[in-house]
Amino acid sequence: FEGRRPSCKSICDWQLPLYGKLEFDFVGGPRPPAGVEPMQEDLFQKFFQDLMHSCCRPWQQLQALRTLAPYFYLTSSQLRELLGAIWDSEARIQLFHIFYYRLADIWNVKVCRARFSSAEFDVLMERLGPTKFFPYIQPEQAMIEFDFSVHDHKLAVTVLMALYQKEGAFLAEPRYIREDGTQDELVTGVPRAWARYADLPRAGNFRAKYLVAPEKRNLKTRMDFLSTVGRWKTPALKQEDVEWWSILSDVSLDIIRFIELLDAKYVGDLKQAFRDIDGDGSGKGGISMHEFEEYCDRLEDSRFAKNRRERFRAIFRHLDATQEGNVSLQEWTHLETVKAELDRQTNELYSFILWHFGGLEKAWKAWERNLDGVLTQDEWREGLEQAGYFGACAELFSIIDQKGDGAITHAEFSRIRTGHAAQGFGRRSAKTFAELPVLKGR
């Protein structure tokens, strides 16, 4: 209260003052019963269409959805779609906060979270709290920062460390800022004693990225933490029940460009690329750094013209989650989860342009303000932000900028309709969006 801890053991015993600011470490809400049924897909599509047709402002939409929230549950994919219809960032964050506890498949929440920017993710983490928003089922590639002076954060660290030790994972890019502001490089690794709450530092900040190979995932342990710490009630899950996903902001732009290269060459069959790179061609072994470098040396793309060898090595190290110098087929499938998010993001972008502007040509004229025949990164970012687009703007720019020269030509922009978006990822076709009224001035 007012920056100080109240002088009472329980908040229930505290005599409330007349005024002042009271802050809690975290917030919570009732979890859905195990096995709850989400809104049927055909009904959700009608509901979504009504929302898209409405002429309400974002905060009016938020208020209406808040009123309706107690009466139905959603899947993570449905919530992602719903958030895409809200053009205000703060309203989107509040809407996610409302429906987070109405998700029928919390184990797939990464599908929805992937559409948020890194800055928006930090806001969600602060408001929901680390133990409530911790990625229990899919912590791969997640970079999370913890404050040791806050109970909820310390509890989340013990979960991270226990999972790290159980799965034999790797904590990349660790950083520990002590209470006095000095930085500990953790050259000997993250202390294993941090798996015990009593052995955690009293204050300071710690962050790390969680890396683990798919074959080392311990789904039972992850579900146990989701139940005991996150307090979610879930049915028994198998690996195939989870929609394994990736977040574009968690990977480098070079990873995205590399996927674009393989996608064009193998027409989406990334496993065939693995078999071609693998020395014996069976795909049963693994890819060594030498095999990967030999293959990449034969790739021709202007976007990898500079520092070619170093950049491909960085891609290999990213895929080698176990840091053993060998990429297994299971580790290679990480590229497929990134591609799935790329496909969905580009499809959402194309659908958004159709609905908001009525077509690519109208969007081009609205954004290409310098009349120099290209879209710069600033024009791209400002155009999407002003239109209220919800997605990975920087990563999408890199995908469309085929030459990698920092500008999008008209020909590259027109490719949106024939690139990933045309593959039909997602449930609604572009035709469905084209039937909606064009939105102007909202």
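A pocket, as I use the word today, is an open set of grid points with protein on both sides within 12 Å along at least five of seven lines, and its lining residues are those that have an atom within 4 Å of a point. Please keep in mind throughout that what we are looking at is a predicted model.

With that wording in place, let me turn to the second largest pocket, which has a volume of about 500 Å³ and is lined by 34 residues, with R381, G391, A392, C393 and A394 lying nearest its centre. The elements that give two or more residues to this lining are helix 4 (89-99), helix 6 (118-128), helix 10 (253-266), helix 17 (377-387) and helix 18 (393-400). If we sort the lining of this second largest pocket by class, we find 14 nonpolar, eleven polar and nine charged residues.

From open space I move on to enclosed space, where the count comes to three cavities of 30 Å³ or more. The largest cavity has a volume of about 130 Å³, and of the 13 residues that line this cavity, I106, V109, F134, P135 and Y136 are the closest to its centre. Helix 5, residues 109-113, gives the most to that lining, with three residues, while the classes in the lining of the largest cavity divide into ten nonpolar, one polar and two charged.

Next comes the nonpolar interior. In soluble globular proteins, nonpolar side chains tend to be buried together. Here the largest nonpolar core has 124 residues, and those with the most contacts inside it are F96, F258, W332, W380 and F413. Helix 15, residues 334-357, supplies the largest share of this core, namely ten residues. If you would like one residue to look at, take F258, which, leaving aside its neighbours within four places in sequence, is in contact with F292, C296, L299, F304, F312, I315, W332 and L335. There is also a second, separate core of five residues, including V111, W245, I247 and A340.

Now to the charged side chains. A search of the whole structure finds 26 salt bridges, and I will show three examples. In one of them, R257 pairs with D254, the closest N and O atoms being 3.3 Å apart; these two residues are three apart in helix 10, which means that about one helical turn separates them, and both R257 and D254 are buried. In another, R196 forms a salt bridge with D199, with the closest N and O atoms 2.5 Å apart, and D199 counts as partly exposed because its relative accessibility is 36%. The last example joins D269 to R275, with 3.9 Å between the closest N and O atoms; D269 is partly exposed at a relative accessible area of 34%, and R275, at 29% relative accessibility, is likewise counted as partly exposed. Beyond such pairs, salt bridges that share partners join R80, R115, E341, R344 and E348 into one network.

Let me finish with a single glycine. Where does G325 lie? G325 sits in the loop between helix 13 (308-319) and strand 6 (326-328), and its relative accessible area is 39%, so G325 is partly exposed. Not counting residues up to four places away in sequence, G325 touches I287, S288, M289, F316 and D320. G286 is 39 residues away from G325 along the chain, and the C-alpha atoms of the two are separated by 9.6 Å.

Definitions and conventions. Residues numbered from 1 in each chain as written. Predicted model: local features only at pLDDT ≥ 70, side-chain atom pairs only at ≥ 80, totals over all residues. Heavy atoms only, no water. 1 Å grid on protein atoms, 1.4 Å probe; cavity = no way out; pocket = protein on both sides within 12 Å on 5 of 7 lines; lining within 4 Å. Points joined across faces, edges and corners; volume = space filled by probe spheres on them. Helix = DSSP H or I, 4+ residues; strand = E, 2+ residues; numbered from the N terminus. Nonpolar A, V, L, I, M, F, W, Y, C, P; charged D, E, K, R; others polar. Buried < 20%, exposed > 50% of the residue type's maximum accessible area, 1.4 Å probe, protein only. Contact = heavy atoms within 4.5 Å. Salt bridge = Lys/Arg side-chain N within 4 Å of Asp/Glu carboxyl O. Core = buried A, V, L, I, M, F, W, Y, C linked by side-chain atoms within 4.5 Å.
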